[in-house]
Amino acid sequence: MNYISTRGLAPVLDFEGAMLSGLARDGGLYVPETFPQISREELLSLRGRPYADIAFAIVSKFTDGSIPDVDLRKMIDAAYATFNHPATTPLKQLAPNQYLLELFHGPTIAFKDVAMQLLSRMMDWSLAKQKRKAVVIGATSGDTGGAAIDAFQHSKNASIFILHPHGLVSDVQRRQMTTVTSPSVHNIAIEGNFDDCQAIVKALFNDLKFRDDVGLAGVNSINWARIMAQIVYYFYAALQLGAPDRAVSFTVPTGNFGNIFAGLAAKRMGLDIDRLVIATNSNDILDRTLKTGSYTVTGVHATTSPSMDIQVSSNFERLVYLANNNDPSAVRNAMESLKQSGAFTLQSGAIKSIRVEFDSNATSDADAAKTMAKVLAETGELLDPHTAVGYAVAQKTSTNSPMVTLATAHPAKFPDAVEAATKVRPNLPQRLSYLMNAKETFKVLPNSEADVKAYILFHA
Ligand SMILES: *Cc1c(COP(=O)(O)O)cnc(C)c1O
């Protein structure tokens with residue numbers, strides 16, 4: 001299967017190439033040239049099967065023979081053996097037609113484990129086969145870094161460097177990164193904010209010589225392999241709710257648009273999805289875009305759902321590409337305008353086609369807190385603040401189909417906000433009880449591309 005850049009000026013790659021490069025060399029994002037289809041018969045045959053079986057059925061369509069079946073199956077089994085629930089991503093009913101899909105039973109208790117545990121194994125496999133080494137680099141506002149470090153700590157062929165903003169991630173989030181002792185794991189605390197971290201990572205990727213010299217690989221959700229792994233749980237949930245005989249809707253707490261794009265991919269593969277609902281916090285660029293057709297960057301502000309505090313939603317570029325009938329020149333124009341003026345306007349055909357499939361809404365911190373308290377009182381369930389943003393939006397969306405809200409983090413990952421909203425302080429799961437007393441290791445560096453580059457060259 002071929003993967004092509006949304007900007008149309010980078011080499012066409014196979015699955016392994018797209019996975020190992022992350023960002024395309026023209027600054028675009030890789031997408032499959034066409035979406036593989038899943039038939040009604042195949043869906044019926046997957047009903048009631050374990051998560052790993054469904055993962056194999058979906059993922060193997062995208063890897064398309066580049067990873068032999070036995071190897072792929074082993075990697076999938078090992079990835080989801082790290083999850084602490086026999087259903088991997090259990091589906092829970094909260095009210096008539098309202099469901100939660102719990103994606104937080106992995107090692108770092110946020111949904112990013114689902115993709116990262118598989119990605120690290122596939123990358124390591126591929127690097128070993130090609131007798132290559134890689135330097136994995138990523139910027140994190142909290143959850144991506146921990147998930148990536150947990151997943152890559154045992155990698156034989158990749159070392160990993162994660163940049164986080166010094167003093168701006170939560171204690172649990174920082175400790176999940178800095179208490180991992182593997183010599184191939186490097187934590188860098190940047191004296192700056194998350195945007196500064198991301199800008200340094202982007203600059204390193206755009207330095208094509210440095211990129212090639214160290215074998216730079218990206219694990220942010222610009223990496224297609226992450227999106228691919230996330231497609232699986234849309235199928236898994238829909239099959240439990242009656243697919244292919246009944247349509248299902250999803251509400252997704254959204255930041256970088258990776259998770260919900262996986263939902264669109266599932267739909268393009270043939271899953272009957274009724275509504276895909278974008279839920280944002282007060283950093284509502286995507287909700288405004290859906291409502292006005294204009295993607296306009298404004299300032300970011302801190303909310304109780306920090307993993308969605310973003311200004312530029314990278315994966316939206318993949319939707320811009322599809323909504324413009326796979327026209328890379330439309331994407332290039334939009335991205336050029338974004339760079340020049342901090343905004344672009346979707347063509348009327350493109351925004352119309354987006355509205356056919358997506359709804360959107362924004363939720364304030366106050367509404368998210370009310371939702372947490374209400375759900376606890378009515379069902380006994382504690383939601384994390386990101387999931388609460390999603391659930392609040394799901395309640396405002398009218399559909400006749402079952403509505404599944406993706407639960408993206410365990411409440412104990414954001415204990416202060418949960419306690420403030422509900423008066424209940426969630427406990428860390430047993431497997432993380434060591435965290436608050438373990439020794440931390442990280443390097444503080446100034447907000448400087450040159451310093452980070454030198455640090456990587458020295459330690460890689
Ligand atoms: C990363 C993250 C999100 C946002 O996901 P995107 O794929 O960036 O839209 C939402 N909730 C939590 C808890 C996260 O860690």
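This note goes through the enclosed spaces of a predicted model and the ligand held in one of them.

1. Where the ligand lies. The count of cavities of 30 Å³ or more comes to 2, and it is the largest cavity in which the ligand sits. This cavity holds about 380 Å³ of space, so a reader who wants to find the ligand in the structure can begin there, since a molecule is said to sit in a cavity if more than half of its atoms lie within 2 Å of the cavity's grid points.

2. The residues around the ligand. The ligand is surrounded by 15 residues, and the closest of them are K112, D143, G255, N256 and T408. When the residues of this shell are divided by class, 8 are polar, 5 are nonpolar and 2 are charged.

3. Polar atoms facing the ligand. Two backbone positions come up on the side of the ligand's oxygen atoms: a polar backbone atom of N259 is 2.9 Å from an oxygen atom of the ligand, while for a polar backbone atom of G258 the distance to an oxygen atom of the ligand is 3.3 Å. With T408 the side chain is involved, as one of its polar atoms lies 2.9 Å from a nitrogen atom of the ligand. On its own the ligand has 380 Å² of accessible area, and the protein covers 96% of this.

4. The lining of the largest cavity. The lining is made up of 27 residues, and those nearest the centre of the cavity are F111, K112, T144, N256 and S307. By class, the lining contains 14 polar, 10 nonpolar and 3 charged residues. K112 and N256, named here as nearest the centre, are also among the residues closest to the ligand.

5. Helices and strand in that lining. At least two lining residues come from each of α6 (143-152), α10 (224-240), β9 (248-253) and α11 (258-268). Among the contributors to this lining, α11 gives the most, with 3 residues.

6. The second largest cavity. What lines the second largest cavity? Its lining consists of L23, A139, Q198, V201, K202, F205, N220, S221, I222, N256 and S314, and the space inside is about 130 Å³. Helix α8, which covers residues 194-206, gives the most to this lining, with 4 residues. Divided by class, the lining has 5 nonpolar, 5 polar and 1 charged residues.

7. A residue to look at again. N256 appears in the lining of the second largest cavity, and N256 is also listed among the lining residues nearest the centre of the largest cavity.

Terms used. Residues are numbered from 1 along each chain as its sequence is written. This is a predicted model: local features need pLDDT of at least 70, side-chain atom pairs count only at pLDDT 80 or more; totals for chains, interfaces and linings use all residues. Side-chain values use heavy atoms; hydrogens and water are left out. A residue is near a molecule or strand if one of its heavy atoms lies within 4 Å of it. A polar contact is a pair of N or O atoms within 3.5 Å; within protein, one must be able to donate a hydrogen and the other to accept it, and residues adjacent in sequence count only if both atoms are side-chain atoms. Accessible areas come from the Shrake-Rupley method with a 1.4 Å probe; for residues, only the protein chains shown count as cover. On a 1 Å grid over the protein atoms alone, a cavity is a set of points where a 1.4 Å probe fits but cannot get out, and a pocket is an open set with protein on both sides within 12 Å along at least five of seven lines; lining residues have an atom within 4 Å of a point. Ala, Val, Leu, Ile, Met, Phe, Trp, Tyr, Cys and Pro count as nonpolar, Asp, Glu, Lys and Arg as charged, and the others, Gly among them, as polar. Grid points are joined across faces, edges and corners, and a volume is the space filled by probe spheres set on the points.
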